[in-house]
Amino acid sequence: MEESINTLKEQVDQMMGLDTANAGGYSPLVLAYAGDAFYELVIRTVVISYGNTSVNTLNRKTSNLARAAAQAQMIHLIMEDLTEEERSIFRRGRNAHSSTVAKHASITDYRHATGFEAVIGWLYLGGRQERAIHLIRIGMERYAAQNSAAKK
């Protein structure tokens, strides 16, 4: 009988013949690297669900949610929902010193976004994609609510 595969990470590992590594063993910047990709995939999936439109429009909507300032705002809006372990991963990611900085972000926003991505990457690599998607969803909902209230 074939073993049940529950997460995207497990599927990739099995189908590509990869060894499963402990998510806690990766550096914060590696976690953020994986988290950035997973977050982008979730955001693109959400944006595409709004309807068939030009790729330029899709990219503009995705970019608005994927920029460092938006991610920094989201992590602040969901901080109370994080477990202590997730907060610890956030702090490790936020405090990691990267040799690059986003073009259109303050250093503070960039570091907070890196912390957010580290949490998402840690969850994904640990096989907890449902938790990662849950945090992204509530972050998006609160971000949209806060920004629509600010426009009024």
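Trainee: By class, how does the lining of the second largest pocket divide?
Mentor: The model is predicted. In this model, the residues lining the second largest pocket are Val47, Tyr50, Lys61, Leu65, Met140, Tyr143, Ala144 and Asn147. Tyr counts as nonpolar and Lys as charged, and the lining therefore comes to six nonpolar, one polar and one charged residues.

Trainee: Which helix gives the most to the lining of the second largest pocket?
Mentor: Two helices, α3 (55-66) and α7 (129-151), each supply at least two residues of this lining. With four residues, the one that gives the most is α7.

Trainee: What volume does the second largest pocket have?
Mentor: Its lining includes Lys61 and Asn147. The volume of this second largest pocket is about 200 Å³.

Trainee: How are α2 and α6 oriented to each other?
Mentor: The axes of α2 (residues 28-49) and α6 (residues 107-125) come within 6 Å and cross at roughly 80°. Angles of 65 to 115 degrees define one class, so the two helices are roughly perpendicular.

Trainee: How do the residues of the contact of α2 with α6 divide by class?
Mentor: From α2, the participants include Pro28, Leu31, Asp36, Phe38 and Tyr39. They meet residues of α6, among them Phe116, Glu117, Ile120, Trp122 and Leu125. In full, the contact of α2 with α6 has 13 nonpolar, three polar and two charged residues.

Trainee: How are α2 and α3 oriented to each other?
Mentor: Their axes lie 10 Å apart, and the packing angle is about 135°. The crossing of α2 past α3 is right-handed. An angle over 145 degrees would count as roughly antiparallel, so the pair falls short of that class and is oblique.

Trainee: Which residues in α3 meet α2?
Mentor: On the α2 side are Tyr39, Glu40, Ile43, Arg44, Val47 and Ile48. The contact of α2 with α3 has seven nonpolar, one polar and three charged residues. The partners in α3 are Leu58, Lys61, Thr62, Leu65 and Ala66.

Trainee: In which crossing, left-handed or right-handed, does α4 pass α6?
Mentor: Helix α4 (residues 68-78) packs against α6 at about 60°, with the axes 8 Å apart. Residues in contact include Ala72, Ile75 and His76 of α4, and Tyr110, Ala113 and Phe116 of α6. By class, this contact of α4 with α6 has eight nonpolar, three polar and two charged residues. The crossing of α4 past α6 is left-handed.

Conventions
Residues numbered from 1 in each chain as written. Predicted model: local features only at pLDDT ≥ 70, side-chain atom pairs only at ≥ 80, totals over all residues. Heavy atoms only, no water. 1 Å grid on protein atoms, 1.4 Å probe; cavity = no way out; pocket = protein on both sides within 12 Å on 5 of 7 lines; lining within 4 Å. Points joined across faces, edges and corners; volume = space filled by probe spheres on them. Axes fitted to C-alpha atoms, helices over the stretch in contact; angles between N-to-C directions. Parallel < 35°, antiparallel > 145°, perpendicular 65-115°, else oblique. Contact = heavy atoms within 4.5 Å. Left-handed = near helix turned anticlockwise from the far one by under 90°.
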